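Please walk me through this structure step by step, from its overall build to the details of its packing. I have not seen it before and would like a careful explanation in running paragraphs.

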Amino acid sequence: MPSTKANGYKKQIRKIEEEIKNKISEFKSLREGCACYPLLIRQSNIGPRLVDDVYEELTSSSFTCDGGKLIIILDSSGGDIDSAYNLASLLREVGNTYLEFVVPRWAKSAATLLCCAGDKITMTPIAELGPMDPQITTFNPFEK
């Protein structure tokens with residue numbers, strides 16, 4: 001049987017998730033004429049699976065982006081640079097008229113590259129873009 005403390009944590013998490021959902025809804029209503037897509041992925045990484053998931057969601061019949069104006073709410077600690085590039089290409093295709101990234105707190109490493117695909121980056125006073133540390137994996141034949 002779960003402890004009372006664990007139930008309390010679960011209740012707090014549900015409350016926070018609901019607050020985030022409400023804030024995103026408020027934000028969407030302020031940005032009339034733009035589709036809004038939250039990418040709140042700080043605890044996981046930008047990777048191939050995320051690209052697949054975002055592709056499925058953005059191409060589903062339930063997502064509409066009339067006029068090609070797209071706002072991405074991005075909170076991420078980064079991930080795979082190739083996946084970030086693929087994701088940027090996808091988002092640029094959907095937001096073909098206008099693409100904005102809103103960073104409430106973090107867009108580190110590969111997420112910084114992702115932001116560079118946009119027409120505009122909007123950040124809160126405590127938001128951070130982070131260093132990009134590209135991983136060079138090509139072997140130089142002139143080095144031993």
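The paragraphs below go from the overall layout to the sheet, the helices, the nonpolar cores and a few single residues.

The model shown here is a predicted one, and the values discussed below were computed from it. The protein contains four helices and six strands, and these elements follow one another along the sequence in the pattern α-β-α-β-α-β-β-α-β-β. Along its principal axes, the C-alpha trace spans about 60 × 45 × 35 Å. Of the 144 residues of the protein, 33% count as buried. Among the contacts with a sequence separation of 6 or more, 66% are made by residues that stand 24 or more positions apart.

A good place to start is the sheet. Four strands form an open sheet in the order β1-β2-β3-β5, and their pairing is parallel. At its edges lie β1 and β5, the latter covering residues 120-123, and each of these two strands pairs on one side only. Neighbouring strands of the sheet are turned against each other by 20° on average, if direction is ignored. As general background, the strands of a sheet pair through backbone hydrogen bonds, in either a parallel or an antiparallel manner.

The pairing of β1 with β2 can be followed residue by residue. These two strands run in the parallel sense and are joined over six bridges. Within this pairing, A35 stands opposite L70 in β2, while C36 has I71 of β2 as its bridge partner. Strand β2 is also largely enclosed by the rest of the structure, because six of its seven residues are buried.

The helices can now be placed around these strands. Helix α1, made of residues 4-30, lies across β1, β2 and β3 and runs at about 150° to β1. K28 is part of this helix, and with a relative accessibility of 40% the residue K28 counts as partly exposed. Although K28 and I71 are 43 residues apart along the chain, their C-alpha atoms are separated by 9.0 Å.

Two further helices, α2 and α3, pack against each other. In general, two packed helices are described by the angle between their axes and by the distance between those axes. For α2 and α3 the angle is about 10° and the axes are 9 Å apart, which means that α2 is roughly parallel to α3, since angles under 35 degrees are counted in that way. The residues that make this contact are P48, L50, V51, V54, Y55 and L58 on the side of α2, and S83, N86, L87, L90, L91 and V94 on the side of α3. The crossing of α2 and α3 is left-handed.

One of these contact residues, S83 of helix α3, can be looked at on its own. S83 is buried, with a relative accessible area of 3%. Leaving aside residues up to four places away in sequence, S83 touches I46, G47, P48 and V51.

The next topic is the nonpolar interior. In soluble globular proteins, nonpolar side chains tend to be buried together. The largest nonpolar core of this model has 30 residues, and among these L39, L70 and L91 touch the most other members. Two or more residues each are given to this core by β1 (35-40), α2 (48-58), β2 (69-75), α3 (81-94), β3 (98-103) and α4 (110-115). The largest share, six residues, comes from α3. What does L91 touch, if residues up to four places away in sequence are not counted? The contacts of L91 are L39, V54, L58, L70, I72, L99, F101 and L114. Apart from the largest core there lies another core, of six residues, among which are I24, C36, I71 and V102. Two of its members, C36 and I71, have already appeared above as bridge partners.

A last detail concerns the backbone of a single residue. Most residues other than glycine have a negative phi, and most peptide bonds are trans. S109, however, has a positive phi of about 50° although it is not a glycine. This residue, S109, lies in the loop between β4 (106-107) and α4. Is S109 buried or exposed? S109 is buried, because its relative accessible area of 15% falls under the limit of 20%.

How values were computed. Residues are numbered from 1 along each chain as its sequence is written. This is a predicted model: local features need pLDDT of at least 70, side-chain atom pairs count only at pLDDT 80 or more; totals for chains, interfaces and linings use all residues. Side-chain values use heavy atoms; hydrogens and water are left out. A nonpolar core is a set of buried Ala, Val, Leu, Ile, Met, Phe, Trp, Tyr and Cys residues joined through side-chain atoms within 4.5 Å. Buried means under 20% relative accessible area, exposed over 50%, partly exposed in between (1.4 Å probe, protein chains only). Contact means heavy atoms within 4.5 Å. Two strands pair if DSSP finds at least two bridges between them. Axes are lines fitted to C-alpha atoms, for helices over the stretch in contact, and angles run from 0 to 180 degrees between N-to-C directions. Angles under 35 degrees count as roughly parallel, over 145 as roughly antiparallel, 65 to 115 as roughly perpendicular and the rest as oblique. A crossing is left-handed if the near helix is turned anticlockwise from the far one by less than a right angle, and right-handed if clockwise.
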